[in-house]
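Student: I should like to learn how the main features of a protein model are read. May we work through one case together?

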Amino acid sequence: MNQETIRDPGPQDLAGLFSRLKRHLPLSVAIVAAMLVLAYVGTKLMSPKYTATTQLQYAPAATLARDAGAQAQRSLTDQERDAAISAQLQIVSSLPVAKQVLRDKAVLNNARLREVAKSMDPSGQSIDALASALLANVAAARVGQTPLFTVSYTDANPLDAARIANAFSRAYLAVQAQQKAGTEDGGKTDLNKQLELLGQRARQADAAVAAYRLRNNIVVDPTSSGQGDALTDMNNSLAGARGEAAQAAVRGQASGSTVISGGVDTSALSSLRQQRAEAARDLAGLSARYGDRNPQVIDARQRVAELDKSVEREMSSVSRSVRAESDAARARAASIESSLAQTQGRLASNVRAGVELAELQRQADAARQLYSNLLATVGQQTTNLAIVQPDAQIVVEAVPPLKPSSPRLLINLLVGFALGTALALALAYLRERWSQTINTIDDIQRLLGVDFLNSIPTLTSAIDKPRTKDPAEAVILHPMSSYAEAFRSLATTLIFDAREAPTEGGRVIGVTSALPREGKTTTTTSMARVLAMASTKVAIIDADLRRRSVTQAMCPDAAIGWTNALNGEATLRDVMITDQTGAVILPITPGAEKSQRIFETEAFKDMIATLRREFEVILIDTAPVLAVVDTRTMIPQLDSLALLTHWRRTPVKAVRAALHQIETVGGSVAGVAMTMVNLKTQAQSGYGDASYYYTDMKEYYVSN
């Protein structure tokens, strides 16, 4: 039993790699199909988005209108134009342009835009957050190598998409013009803030002057001559009032005399006095004519008395009026004197307050001057901005799109296909590396370092319509099939390997595996039958003491077995059972598993020697190597040992462990054979294996 180690068969070609991938084809197809379904469903569930596009043309203009009369600007080279257009594209998608767009109230109050901004700023009011939300949906691109470029905006509402795309174009032109005029929006904003601050300071200074005037009761300018004139007028008025008071006092002293001058009305008193004088003349005439007792004299005397009383009453009234006039004159003089004193005090206070008022007034004048100067500067910049032409112009404004720009079903399906393919490849790689199994000849040589013996197919993959379900019986019913040929090929390989052993007589061949249920019994019995049908004297020993698989399959009613012959309970000839093909079976009976180290006994060795003399080939169905020690103790009696492995199921590590255990007792294997191979699958993906060419060889076999 020679064991040739071939660890590295060389790099695998593309056909081999494709073949290995085909082993995972069903799962890969399922993954790709699932990803396509997910892409389709996801596309249908996604909200449509609309993209509106504005087209602009890059056309550099002079910096200021006054440059129009200057010499024409130098033409740009292609590289300079490309660089300039690239710079314009960067400006379109910049933060200043987005902030300029937000000056449009309709854009600023866009509900969807604020919802996006809330992810960056919970309040949704930050201008920077709103600008970032705008920039997330805007795109600028050049149209080929032309001076044209586009500004696109994507939104769930086609009307909003067109509105914002046009707003971006206009904002870009405004910002571009500001940059040319040297009035960038940031600097202009700072200038406006400074202007507003200076205006506020000027207003505060004027308010301070007014408040100080009001607080100090300063109606006129303290330094004006009007206050001195007013003081002179008051002095003159005081002198006149004092003169009138003196005259009134004189009239009051003369109020008892006959004549009173001044402003008091004495016409009634003069009339009464004239009437009395006339009445006195009449009384004197009547008294001289008629005497004192004459009635006319008495009446005249009474009339004179009544007139005296009237004159006295009128005199008293005139005296009171004169005194009242005198009192009023004195009061007016006192009032004017008091007002004069107050005016003099106020004038002194105004003179003192005028110094501080002048300082406040100077501060107010200075603030107004600064405000006026800055206002003139802003006005000049506004004028410059009005005459500056931007380096681009709108060629075609955006219109509301009729069809959504996303989602695109075809693109999503392609993405789903690509992701599904990538996932399938990754999963195939993981399956190859995670749990390695034996698939082809290359795997046996590369992973195990032993020879490949043969591939044993499954019955249904090798024969289209088998006449039995028993794999061991199928070699009898379909002797010319590829199924039977696989066992003939394996038997031939093992016989040739066994002939190299230095023993005489028949060849003893063991069939084992790393794990149970890997096809040992089927392989052993099928090889025995194809050899027997070829007139080879062959015997089968059921050496699986615990499972008794050969006995159960071919002679379940056997009463005695070869262990009974070893114990002397029967002869070896008594336990032999001949199969319908001529193969001889040495069964085993229950209880044999209790025998201790039976394969190391001299009786077993003698039995093998006897069988060598009677048979050309002795096939031994052994127990799994990893399960029990029986196979390893039997190795000295074997001329060749075949290790079976279940195709695409037995882990490579289990097979390696079995090989290691065999090597620990000084044994080796002729090679590894794959069992239960699906020929149809292997013909598609088993590149490098003989079964890969099954379709080409199929005409050599007869299934019926």
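Tutor: Certainly. Please keep in mind that this is a predicted model. The protein has 704 residues, of which 41% are buried. Its secondary structure comes to 26 helices and 12 strands.

Student: How much area does the protein expose, and what share of it do carbon and sulfur atoms supply?

Tutor: About 37300 Å² is exposed, and carbon and sulfur atoms supply 54% of that area. As for contacts with a separation of 6 or more, 79% of them join residues 24 or more positions apart.

Student: How should I read a salt bridge?

Tutor: Side chains of opposite charge can pair when their charged atoms come close. In the whole structure, a search finds 18 salt bridges. One of them joins R446 and D443, with the closest N and O atoms 3.0 Å apart.

Student: Why are R446 and D443 separated by about one helical turn?

Tutor: The general idea comes first. An α-helix has 3.6 residues a turn, so residues three or four places apart point the same way. R446 and D443 are about one helical turn apart because they stand 3 residues apart in helix α14, which covers residues 441-448.

Student: Is D443 buried or exposed?

Tutor: D443 is buried, since its relative accessible area is 0%. Its partner R446 is partly exposed, at 29% relative accessibility.

Student: Which residue does K118 meet in a salt bridge?

Tutor: K118 meets E115, with an N to O distance of 3.8 Å. These two are 3 residues apart in helix α6 (residues 111-118), and therefore about one helical turn separates them. K118 counts as partly exposed because its relative accessibility is 39%, whereas E115, at 51%, counts as exposed.

Student: Can a salt bridge belong to a wider arrangement? Which residues are linked in a network of salt bridges?

Tutor: The network links R112, D155, D160 and R163. Within it, the side chains of R163 and D160 meet at 2.4 Å, N to O. Both residues lie in helix α8 (residues 158-181), 3 residues apart, or about one turn of the helix. D160 is buried at 11% relative accessibility, and R163 is partly exposed at 36%.

Student: How may the length of a helix be checked?

Tutor: One compares the expected span with the distance between the end C-alpha atoms. Helix α11 (residues 267-290) has 24 residues and should span 34 Å at 1.5 Å a residue; its end C-alpha atoms are 34 Å apart, so the two agree. The buried residues of α11 are L269, L272, A279, L283 and L286. Just after α11 comes G291, with a positive phi of about 95 degrees.

Student: What does the UniProt record place at residues 24-41?

Tutor: The unreviewed UniProt entry places a "transmembrane region" there. In the model, residues 24-41 are 94% helix and 0% strand, and the end C-alpha atoms lie 26 Å apart.

Student: Finally, how is a nonpolar core read?

Tutor: In soluble globular proteins, nonpolar side chains tend to be buried together. The largest nonpolar core here has 50 residues, and those touching the most other members are L448, I541, W562, L586, M607, L611 and I620. Helix α24 (residues 652-664) gives the largest share of this core, 6 residues. Another core, of 38 residues, lies apart from it and has I456, A474, I540 and V617 among its members.

Student: Which residues are in contact with I541, leaving aside its neighbours within four places in sequence?

Tutor: They are W562, L586, M607, I608, L611, I618, L619, I620 and D621.

Terms used:
Residues numbered from 1 in each chain as written. Predicted model: local features only at pLDDT ≥ 70, side-chain atom pairs only at ≥ 80, totals over all residues. Heavy atoms only, no water. Salt bridge = Lys/Arg side-chain N within 4 Å of Asp/Glu carboxyl O. Helix = DSSP H or I, 4+ residues; strand = E, 2+ residues; numbered from the N terminus. Buried < 20%, exposed > 50% of the residue type's maximum accessible area, 1.4 Å probe, protein only. UniProt positions renumbered as here; feature names shortened; annotations may be inferred. Expected span 1.5 Å × (residues − 1). Contact = heavy atoms within 4.5 Å. Areas by Shrake-Rupley, 256 points an atom, 1.4 Å probe, with all protein chains shown as cover. Core = buried A, V, L, I, M, F, W, Y, C linked by side-chain atoms within 4.5 Å.
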